[in-house]
Amino acid sequence: MAPRLLAPLVLCCVLISFRLGSCQDILATPLAPPPPAAATLLEAAATHTAATTAAAAEHLEVAKRQESVATAAAVATAVVAAETAAADNDASAAALLETAQNAAHTAAGTGLAAGAAAAGGAITTGAVTGGAQTLANAGLGSGGLQQAAGHQSEAGQALAELAAANQASSILAAIAAASPPPPDAQRTPAPRLPRFYDKPLYTDKLRYDPNPPKVDRKALEHKLTREQAYNRTEFMGHRIYQGAEEPEEPLQLKYSSHEVLAEGSGVGRECIGVVYEHRVCTFYDLVLWAGRMHYISPDPEAARASIPDVQLTYIASDPFRLGTNLTSRLLVTSPDNLTALLAADGGDEWGTVPKMEVEQSLLINLAYWNNYGHLLGELGPVVHNTMCTYMGLCTHQQVAGTDLQLWLYNELPTVETTMPAAAQQELWPCFSRYPLLRLLDGRLNHTAVVLRRAVAGVGSTCRAFPWCRPRYNRMPPLPGIVRGWKERMHRCLGLPLDLVSNHTHPRIVFINRPLGHGRAFINMEETVQRLQVSRVARDFPTASIVVETLEDESLRSQAAKYAASDIVVQMHGAALGNVFFMPRGAVYVDVVPELNEDKHAWAYFMLKDYAALGINPIALPPQRVELMEYTINKTMRGHLNTLTKTQRRALFEDHRCPEPGTVFWDVYSICVIEWFMKRSNCYLDYADLKPAIDQAVNHMQLWRHKLDSAYTINAYDLTDLQPDRDLLDLI
């Protein structure tokens with residue numbers, strides 16, 4: 001059999017053997033013994049697997065420095081494509097295998113050990129000597145291995161220095177003493193390899209658990225028995241009054257209202273806002289019983305007609321828009337009907353049922369409660385806006401002296417268990433000294449909760465994209481609200497106030513993630529080294545460059561890192577919620593993966609809303625990524641399996657999503673967002689990054705001259721016009 005025809009068949013065999021076993025049943029013609037040089041290297045690799053793995057990794061780094069990483073990547077891509085085609089018995093397998101063969105020859109010809117290892121499929125592990133042995137038998141790897149062993153060029157010298165630095169003399173000695181194995185030696189089939197995109201560091205921790213534990217919703221509801229309710233005196237910091245026990249002012253059953261008597265004659269309405277989205281209402285003397293708020297009135301029909309609809313979220317699309325209408329869970333009833341409800345619970349009446357009194361309440365509905373970025377970047381500012389504008393609670397100092405309870409309108413009990421710990425434990429105490437409570441919390445069973453003053457609604461201004469824009473009948477927050485929000489959080493977390501960026505000695509911070517989580521910078525170390533060279537070259541000699549991670553850190557720790565940063569470079573994601581902690585005059589550089597250029601809008605409009613804070617955005621062009629095929633296959637196998645072979649090849653090799661209409665699922669939300677955005681890691685292109693850093697440094701120097709004057713300008717802030725709050729609808 002001619003050598004040129006034998007090589008593709010051999011490579012096909014070894015690729016199939018990764019899944020099917022030995023090649024002996026496939027090849028009818030026995031292979032010739034391997035050349036001595038290749039045999040000794042391969043025998044040493046089989047004996048010293050772990051050492052060979054480390055050496056291969058270092059050789060790959062040398063290949064990168066010699067700018068031959070493209071060769072290794074081409075080989076790996078060709079091998080992956082050939083393996084897929086061979087395993088699926090594709091008719092085009094021969095052509096793909098020939099491509100892999102040519103790439104292997106190219107890699108071997110470079111004389112670099114990394115290229116030879118790539119040709120054998122051994123980039124990430126030393127446990128694939130079977131594949132390398134078969135390639136050597138075909139004459140593919142021997143030339144490259146011999147050249148790598150005896151090369152005297154600059155690359156060869158670098159390899160020798162690396163070997164000496166890592167005390168690899170024992171490996172070299174073993175290579176010299178090794179003898180060629182018998183040609184018919186029986187070898188254990190090599191295990192199935194992760195692909196090029198799934199290096200071991202990608203799989204150390206999955207971002208999404210493929211087999212999440214089942215949530216017992218009944219257990220989360222914390223339903224309280226009647227006996228337990230009647231034998232407690234406190235709940236979440238609130239006093240529980242039992243039986244005839246009463247506070248100084250007895251908790252008498254009063255009529256509810258959303259109107260109050262103004263000074264002088266007439267009635268002053270407490271609902272502000274004409275349209276549904278703008279309306280904020282203040283209710284008095286509501287009774288919370290069995291998860292429903294009861295509006296007590298002597299004439300329920302007339303009262304029900306006078307209560308307007310109130311939206312409890314800023315999201316302007318359904319089901320959020322209409323599904324969070326306060327009045328859908330506000331039951332207008334008479335005192336007699338409420339007494340009947342109490343009696344049905346066990347023969348109780350108002351005088352004997354356990355009661356809890358809350359002086360001030362804020363009713364809210366959390367959207368995206370399981371996302372740190374939405375909580376810090378949208379929900380926090382929205383709550384602060386409502387509290388400051390409509391309740392007069394604008395500072396953190398007012399929290400300790402105010403009996404304010406935040407009530408969640410959300411129905412699912414998982415809202416409390418799936419919220420990021422950093423936000424749940426540290427964000428909400430900045431608004432109230434009491435923990436969050438749901439209206440449907442089962443721990444309030446058999447207990448009447450009297451809400452003396454309850455505020456509900458979002459208002460005409462808020463901080464969210466795209467919802468807080470004129471097209472959705474709302475406007476961005478006012479400058480005074482924005483500065484108050486930042487001050488509240490800085491005081492709450494113990495951070496310095498009124499920080500100003502240091503334009504003379506800027507601190508450049510890269511926020512990175514573990515590769516196994518996705519959205520990490522693969523070439524972070526190399527990028528920082530190149531920037532350090534530029535810094536020394538006096539592009540920005542006084543700057544310091546730092547790499548930080550935020551994994552499992554508290555809210556205060558994350559906020560402190562951003563407050564100490566003058567320039568932040570990070571992948572677009574949940575950490576965007578931390579940007580407002582940065583000093584005045586700072587610069588944020590937003591990085592997005594390919595196919596996701598539209599995500600820059602979230603960063604742009606956030607910092608436009610935060611214009612009063614003086615933080616400026618810079619957007620990098622979309623960066624090249626490596627898809628985490630292993631993670632995608634583990635977590636979204638159902639979607640991936642619907643792709644044809646051509647679509648799968650286009651996805652992982654050409655980075656092209658399937659055309660809309662060719663699959664049953666939404667291409668944008670699954671392929672663009674879930675795969676390219678969340679399940680990928682990116683390479684920072686230095687040609688894009690360096691000009692952005694230069695621009696950021698120059699911007700800080702220019703911005704410093706107008707910081708003081710810009711910050712003292714007080715825009716027309718209608719929050720100062722408390723008596724005329726209806727004017728807010730004009731914004």
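Cys-430 and Cys-492 form a disulfide in this predicted model, with their sulfur atoms 2.0 Å apart. The pair links distant parts of the chain, 62 residues apart, and the count of disulfides comes to 5. Two further bonds, Cys-462 to Cys-468 and Cys-657 to Cys-671, are described below, together with the surroundings of helix 25.

**The Cys-430 and Cys-492 disulfide**

- Cys-430 sits in the loop between helix 18 (421-426) and strand 11 (437-438), whereas Cys-492 belongs to helix 19, which covers residues 479-493.
- The torsion about the S-S bond of Cys-430 and Cys-492 is about -85 degrees, and the disulfide is therefore left-handed.
- The two partners differ in burial: Cys-430 has a relative accessibility of 0% and counts as buried, while Cys-492, with a relative accessible area of 22%, is partly exposed.
- The cut-off that separates these two classes is 20% relative accessible area, because buried means a value under that figure and partly exposed covers the range from there up to 50%.

**The Cys-462 and Cys-468 disulfide**

- Cys-462 is joined to Cys-468 by a disulfide with an S to S distance of 1.9 Å, and both of these cysteines are buried.
- With a torsion of about -115 degrees about the S-S bond, the disulfide of Cys-462 and Cys-468 is left-handed.

**The Cys-657 and Cys-671 disulfide**

- The sulfur atoms of Cys-657 and Cys-671 are 2.0 Å apart and form a disulfide, which ties together parts that are 14 residues apart in sequence, because Cys-657 lies in the loop between helix 25 (645-652) and helix 26 (667-678) and Cys-671 lies in helix 26.
- About the S-S bond of Cys-657 and Cys-671 the torsion is about -90 degrees, so this disulfide is left-handed.
- Cys-657 and Cys-671 are both buried.

**Helix 25 and its cover**

- Helix 25, which precedes the loop that holds Cys-657, has Gln-647, Ala-650, Leu-651 and Phe-652 among its buried residues.
- The buried residues of helix 25 are covered by elements that include strand 18 (625-627), helix 23 (629-635), helix 24 (637-640) and helix 26, and helix 26 is also the element in which Cys-671 lies.

**A further buried cysteine**

- Cys-682 has a relative accessibility of 0% and counts as buried.

Definitions and conventions:
Residues numbered from 1 in each chain as written. Predicted model: local features only at pLDDT ≥ 70, side-chain atom pairs only at ≥ 80, totals over all residues. Heavy atoms only, no water. Disulfide = S-S within 2.5 Å. Helix = DSSP H or I, 4+ residues; strand = E, 2+ residues; numbered from the N terminus. Buried < 20%, exposed > 50% of the residue type's maximum accessible area, 1.4 Å probe, protein only. Contact = heavy atoms within 4.5 Å.
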